[in-house]
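Reader: Hello! I have a model open on my screen and would love a close look at a single part of it. Could you walk me through it in a friendly way?

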Amino acid sequence: SRPLTAKGNFFPLLILVWLFGVAIRVFFYLPDVLPQDTDLGHHMYFSQNIIESGKLPAYDTAEVIVGEHLIFAFIAIVAKTGLLSAMPLILLAFFNLLTALSIAFFAFLLTGKGRVAFLALAFFAAYYAIDPPQGRYVNGGVVGNTLGNYLICSILILVFLFASSWFKSLRQNREKISYSAESSLLALTFFLLVGILYTHHLSSFVLLFNLLFFFLFWLFSTVFVLRKTPQRIGQQFFLFLKNIFLSPRLIFILIFIFVLAAFVYLPFYLENNAVETVAREPLKESHTGIEWSSLPGKFGWLKLIFSVFGLALILKNFSWFKTAFVFSWFLPLFLLSFFPQIFNISIPSRRVATYLIFPLTVLSAYGLALFLSELRTRLNSRRFMFFLAAFALIFLFDGTKDFRSTYSNQNKFQETVELYEASRYLAEKTELNSVMLKDHSTLSGDSWIKFFLQRGYD
């Protein structure tokens, strides 16, 4: 019998996993696909403000950023659809699924194996598809995280391609090599980096933290590769500045960034030095690192077990470049999630830990792929298929645990419609100087009343 990675069997499995990932999200959102969450109400307030005024809002809070709102306003205007529709949740779910494809693509770039990409897609799109940063982030209106996750994965792919091209050609005569591809990759990286800076501050911080480690890895690895010819080290960095960093493409992007920040719009959190509130000793209990015992409930047992296995195999099988790249990605996130005191950084540890899902997905996919390959060589076809079927059942049972604990077939449309109608009634019956009292038990009502009133965020 043909192996499961054969072309004839691989594509149907890929489609099946993809459809399962889509279906589990559809069933999760189905009871109420209309936007009704408290946080989403805050974001839609600003998007509606852009639609009605035709200009950017005057933000006076660092909790929201313009990139979280422009995309909804743009689609609503172009498609001539309202924000009180399924569009916001569908758009966020779309980016969540794009992130799954990006992770699978990166897994393929890293390993060169289609089965690893397939398993990465399964571990992200279908396994624990509801817990953060998955379906609950989408349904809960965590707009910046959902968009930021996709941008992080895209930038990660570009950085890997740039570093791979750079180290591949280090031993060649760089003066005879075209730098156009590398300068284009770097220019696109800077462009997407601006996108994430204007979309979500926590994602931006985590990404910049990772990029710092990537830069140190690139710097020290370049010196390491050229250690036998020290005179070429300075030459290589000179050529880098001359042909890549000073290339027309990158200069154009840098000028665009300067004009955007200096003359068009600067995010409130950058303008008011909100970063300074992060660079301090973590004192809050929620900022001092997550507990080890919370990992299985957050990522799932299978992903954790095979990610440890995959990490060990990477040390054994990968080239120094790929090994260093993976560790430059995984290690900072791991330390920031469990031991933020090392870096003297105060940010919510549970939120930071959600970013670990990306390297853990790749590591677990690689570990499982090699585990199955080894098992395939040691067992006959019948025993292997029996084991594979048993494993698939365990995957389904454990991987849908978060979905089964949150799914409800109760129709919530009526509650959402009543929320909209009550908010619209207040908008019609009250004046600009009217005083409205609220209680803490109706937070969603508070945010959606703001949406209909459009009389200021506070």
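Which residues does H69 touch, not counting residues up to four places away in sequence?

Author: Happy to help! First, a word on the model: it is predicted, so local features need pLDDT of at least 70 and side-chain atom pairs count only at pLDDT 80 or more, while totals for chains, interfaces and linings use all residues. Residues are numbered from 1 along each chain as its sequence is written, and side-chain values use heavy atoms, with hydrogens and water left out.

Now to your residue. Leaving aside residues up to four places away in sequence, H69 touches H43, F46, S47, I50, Y59 and V64, where contact means heavy atoms within 4.5 Å. H69 counts as buried because its relative accessibility is 0%; buried means under 20% relative accessible area, exposed over 50% and partly exposed in between, with a 1.4 Å probe and protein chains only.

H69 sits in helix α3, which spans residues 67-79. Helices here are DSSP runs of H or I with at least four residues, strands are runs of E with at least two, and both are numbered from the N terminus.

Helix α3 packs against α4 at an angle of about 120 degrees, with the axes 11 Å apart. Axes are lines fitted to C-alpha atoms, for helices over the stretch in contact, and angles run from 0 to 180 degrees between N-to-C directions. The two helices are therefore oblique to each other: angles under 35 degrees count as roughly parallel, over 145 as roughly antiparallel, 65 to 115 as roughly perpendicular and the rest as oblique. On the α3 side the contact is made by I71, F72, I75 and A76, and on the α4 side by M87, P88, L91, L92 and F95. By class, this contact has nine nonpolar residues, no polar and no charged ones.

Helix α4 (residues 87-111) also packs with helix α17 (residues 357-378), at an angle of about 50 degrees and with axes 10 Å apart. That makes α4 oblique to α17. Here T99, I103, F106, A107, L110 and T111 of α4 meet F358, T361, V362 and Y366 of α17. This contact has seven nonpolar, three polar and no charged residues.

Stepping back to the chain, its secondary structure comes to 21 helices and zero strands. Buried residues make up 50% of the 458 residues. Among contacts between residues at least 6 apart in sequence, 81% join residues at least 24 apart. The C-alpha atoms fill a box of roughly 75 × 60 × 45 Å, taken along the principal axes.

Methods: Ala, Val, Leu, Ile, Met, Phe, Trp, Tyr, Cys and Pro count as nonpolar, Asp, Glu, Lys and Arg as charged, and the others, Gly among them, as polar.
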